[in-house]
Amino acid sequence: MYYLNEEHERNYKNLKSRFPQVFNDAEYSSGCYLCSVPNIYSRFNMRELQHGPFDWLFDDLKVGLESGEDPDRLYWLKDSKGDYYLALLGLQLWNGNKNDFQLNRALYTWNKEYLKVFEQACKIYRRIESVPL
């Protein structure tokens, strides 16, 4: 299992304990894995997550659509590392959400480590690799 660092692994453990569905649901397992990336995980509070790891992002995207401006969390996610595209990838894997995710831009934006995260998320989603306890 690939993690960016120990913090990524620790965050994933926290989300797995919050959403035990990760052990039998591809959307939860890949979604929690992507939301556990430290730069993404730091953008939300665990109490915001009622139904899944993307509750906070759905709320912010809705606010952005209604106001015409990105909420602060979304604005700061749009950094040079491609955190925003990892989050949008997560929404795609979560429910096929129609959002701004564009694979060609994401691949151009992600560094080698984020490409490994992308690959790992795909393996988790396709159940090529099982979710560790």
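# Working chat on a predicted helical model

Biologist: Where is the place of G68?

Modeller: In this predicted model, G68 has its place in the loop between α4 and α5.

Biologist: Is G68 buried or exposed?

Modeller: Its relative accessible area is 66%, and because exposed means over 50%, G68 counts as exposed.

Biologist: And how are G68 and H8 placed, along the chain and in space?

Modeller: They are 60 residues apart along the chain, and their C-alpha atoms are separated by 32 Å.

Biologist: Before we go on, what pLDDT does the protein average?

Modeller: The average pLDDT is 87, and 92% of the residues score at least 70.

Biologist: Where is the confidence lowest, and where is it highest?

Modeller: Confidence is lowest in helix α5, residues 72-77, where the mean is 70, whereas helix α1, residues 6-18, has the highest value, at 97.

Biologist: Changing topic, how do α4 and α6 cross?

Modeller: Their axes come within 11 Å of each other and cross at roughly 105°. Since angles from 65 to 115 degrees count as roughly perpendicular, that is the description that applies to α4 relative to α6.

Biologist: Which residues meet there?

Modeller: From α4 there are L57, F58 and L61, and these meet A87, L91, W94 and N95 in α6. Sorted by class, this contact of α4 with α6 has six nonpolar residues, one polar residue and no charged ones.

Biologist: What about α6 and α8, at what angle do they pack?

Modeller: Helix α6, residues 83-95, packs against helix α8, residues 112-125, at an angle of about 10°, with the two axes 11 Å apart. An angle under 35 degrees counts as roughly parallel, so α6 is roughly parallel to α8.

Biologist: Which residues make that contact?

Modeller: On the α6 side they are D83, L86, L89 and L93, and on the α8 side they are Y114, V117, F118, A121 and Y125. By class, the contact of α6 with α8 holds eight nonpolar residues and one charged residue, with no polar ones.

Biologist: How many residues does the largest nonpolar core have, and which of them have the most contacts inside it?

Modeller: The largest nonpolar core has 38 residues, and those with the most contacts inside it are L15, Y33, L34, W56, L86, L89 and W110. The elements giving two or more residues to this core are α1, α2 (26-35), α3 (38-41), α4 (55-67), α6 and α8.

Biologist: Which of the elements gives the most to this core?

Modeller: That is α6, which gives nine residues.

Biologist: W110 was on your list, so what does W110 touch?

Modeller: Not counting residues up to four places away in sequence, W110 touches K81, G82, Y85, L86, L89, F101, L115 and F118.

Biologist: Y85 is one of those. Where is Y85 found, and is Y85 buried or exposed?

Modeller: Y85 is found in helix α6, and since buried means under 20% relative accessible area, its value of 14% makes Y85 buried. Leaving aside neighbours within four places in sequence, Y85 is in contact with D100, F101, Q102, R105, A106, T109 and W110. The C-alpha atoms of Y85 and L107, which are 22 residues apart along the chain, are separated by 9.1 Å.

Biologist: Now the N-terminal end: which residues does M1 touch?

Modeller: M1 is found in the segment before α1, and apart from residues up to four places away in sequence, M1 touches Y12, Y33, Q120, I124, E129 and P132. M1 and Q120 are 119 residues apart in sequence and 7.2 Å apart in space, C-alpha to C-alpha. With a relative accessible area of 34%, M1 is partly exposed.

Biologist: And S29, what does S29 touch?

Modeller: S29 lies in helix α2 and counts as buried, at 0% relative accessibility. Not counting residues up to four places away in sequence, S29 touches Y12, V22, I124, R127 and V131.

Biologist: Last one, where is the place of M46, and with which residues is M46 in contact?

Modeller: M46 has its place in the loop between α3 and α4, and leaving aside neighbours within four places in sequence, M46 is in contact with N14, L15, R18 and Y41. M46 is partly exposed, with a relative accessible area of 25%. From M46 to L103, 57 residues apart in sequence, the C-alpha to C-alpha separation is 28 Å.

Key
Residues are numbered from 1 along each chain as its sequence is written. This is a predicted model: local features need pLDDT of at least 70, side-chain atom pairs count only at pLDDT 80 or more; totals for chains, interfaces and linings use all residues. Side-chain values use heavy atoms; hydrogens and water are left out. Axes are lines fitted to C-alpha atoms, for helices over the stretch in contact, and angles run from 0 to 180 degrees between N-to-C directions. Helices (H or I, at least four residues) and strands (E, at least two) are DSSP runs, numbered from the N terminus. Angles under 35 degrees count as roughly parallel, over 145 as roughly antiparallel, 65 to 115 as roughly perpendicular and the rest as oblique. Contact means heavy atoms within 4.5 Å. Ala, Val, Leu, Ile, Met, Phe, Trp, Tyr, Cys and Pro count as nonpolar, Asp, Glu, Lys and Arg as charged, and the others, Gly among them, as polar. pLDDT is the predictor's confidence in each residue, from 0 to 100. Buried means under 20% relative accessible area, exposed over 50%, partly exposed in between (1.4 Å probe, protein chains only). A nonpolar core is a set of buried Ala, Val, Leu, Ile, Met, Phe, Trp, Tyr and Cys residues joined through side-chain atoms within 4.5 Å.
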